[in-house]
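User: Please take a close look at one part of this model, the packing of one helix against another, and set it in the context of the whole chain. A connected account would be preferred to a list.

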Amino acid sequence: MDWISLTYGALLMIAAQTLTWFQIQGQFVWPSFVKYEWLVIILPSIPISFLYLYSVKFLVAGFGGAYWPSRFVSFGIGMIVFSILVSTFLNEGINLKTGVSIALALGLVSVQIFWK
């Protein structure tokens with residue numbers, strides 16, 4: 001396991017998931033996202049695609065060429081980023097069901113990283 005590649009991959013995935021959240025959920029935060037929806041669709045799409053592309057590249061390298069761990073880690077990071085941003089920007093708290101789901105996502109990431 002290459003921890004440097006995993007770190008780069010995770011950081012790029014966090015950035016990609018964050019930008020994706022703003023691109024998709026921004027319409028509920030800022031009215032201008034609805035007014036200029038084509039700009040919101042087009043402008044961030046290429047940078048977001050590069051972030052996903054390179055994050056998966058680094059994650060797969062970090063897991064020694066295994067593909068499934070990168071998918072599970074990406075999913076787990078997405079769940080965590082989504083929950084933080086929804087709580088912060090849309091004031092939707094974390095109830096028991098959501099908390100258990102986040103804990104499972106953290107568990108999923110932990111299994112992929114720490115289980116030898």
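Analyst:
**The H5–H6 packing and its surroundings**

The protein contains 6 helices and 0 strands, and its elements, read from the N terminus, follow the order α-α-α-α-α-α. The model is predicted. Along the principal axes, the C-alpha atoms occupy a box of roughly 50 × 35 × 20 Å. Of the 116 residues in the protein, 29% are buried. When contacts between residues at least 6 apart in sequence are considered, 75% of them link residues at least 24 apart.

The part examined here is the pairing of H5 with H6. The axes of these two helices approach to within 9 Å and cross at roughly 150°. An angle over 145 degrees counts as roughly antiparallel, and H5 and H6 are therefore roughly antiparallel to each other. The crossing in which H5 passes H6 is left-handed.

The contact draws on a series of residues from each helix. From H5 come Pro69, Phe72, Val73, Phe75, Gly76, Ile77, Met79, Ile80 and Ser83. These meet Ser101, Ile102, Ala105, Leu106, Leu108, Val109, Gln112 and Ile113 of H6. By residue class, the contact of H5 with H6 comprises 13 nonpolar residues, 4 polar residues and no charged residues.

Gln112 deserves separate attention. This residue lies in helix H6 and has a relative accessibility of 18%; because buried means under 20%, Gln112 counts as buried. Beyond its neighbours up to four places away in sequence, Gln112 touches Pro69, Phe72 and Val73, and also Met1 and Phe63. Pro69, Phe72 and Val73 are among the H5 residues that meet H6.

Ala103 offers a second point of reference on the same helix, for its place is also in H6. With a relative accessibility of 46%, which lies between the limits of 20% and 50%, Ala103 counts as partly exposed. Its C-alpha atom is 24 Å from that of Ser5, and the two residues are 98 apart in sequence.

The pairing also takes part in a wider nonpolar cluster. The largest nonpolar core has 12 residues in all: Leu6, Met13, Trp21, Leu59, Phe63, Val73, Ile77, Val81, Leu85, Val86, Val109 and Ile113. Helix H1 (3-25), helix H5 (68-89) and helix H6 (96-114) are the elements that each give two or more residues to this core. H5 provides the largest share, with 5 residues. Val73 and Ile77 of H5, together with Val109 and Ile113 of H6, belong both to this core and to the contact of the two helices. In soluble globular proteins, nonpolar side chains tend to be buried together.

Met13, a member of the core, shows how one of these residues is surrounded. Leaving aside neighbours within four places in sequence, Met13 is in contact with Leu59 and Ile77, both of which are core residues as well. The other contacts of Met13 are with Tyr52, Ser55, Val56 and Ser74.

Towards the start of the chain, Asp2 occupies the segment before H1. At 33% relative accessibility, Asp2 counts as partly exposed. Apart from residues up to four places away in sequence, Asp2 touches Ala61 and Gly62. The C-alpha atoms of Asp2 and Val60 are separated by 9.7 Å, although their positions lie 58 residues apart along the chain.

Conventions: Residues are numbered from 1 along each chain as its sequence is written. This is a predicted model: local features need pLDDT of at least 70, side-chain atom pairs count only at pLDDT 80 or more; totals for chains, interfaces and linings use all residues. Side-chain values use heavy atoms; hydrogens and water are left out. A nonpolar core is a set of buried Ala, Val, Leu, Ile, Met, Phe, Trp, Tyr and Cys residues joined through side-chain atoms within 4.5 Å. Buried means under 20% relative accessible area, exposed over 50%, partly exposed in between (1.4 Å probe, protein chains only). Helices (H or I, at least four residues) and strands (E, at least two) are DSSP runs, numbered from the N terminus. Contact means heavy atoms within 4.5 Å. Axes are lines fitted to C-alpha atoms, for helices over the stretch in contact, and angles run from 0 to 180 degrees between N-to-C directions. Angles under 35 degrees count as roughly parallel, over 145 as roughly antiparallel, 65 to 115 as roughly perpendicular and the rest as oblique. A crossing is left-handed if the near helix is turned anticlockwise from the far one by less than a right angle, and right-handed if clockwise. Ala, Val, Leu, Ile, Met, Phe, Trp, Tyr, Cys and Pro count as nonpolar, Asp, Glu, Lys and Arg as charged, and the others, Gly among them, as polar.
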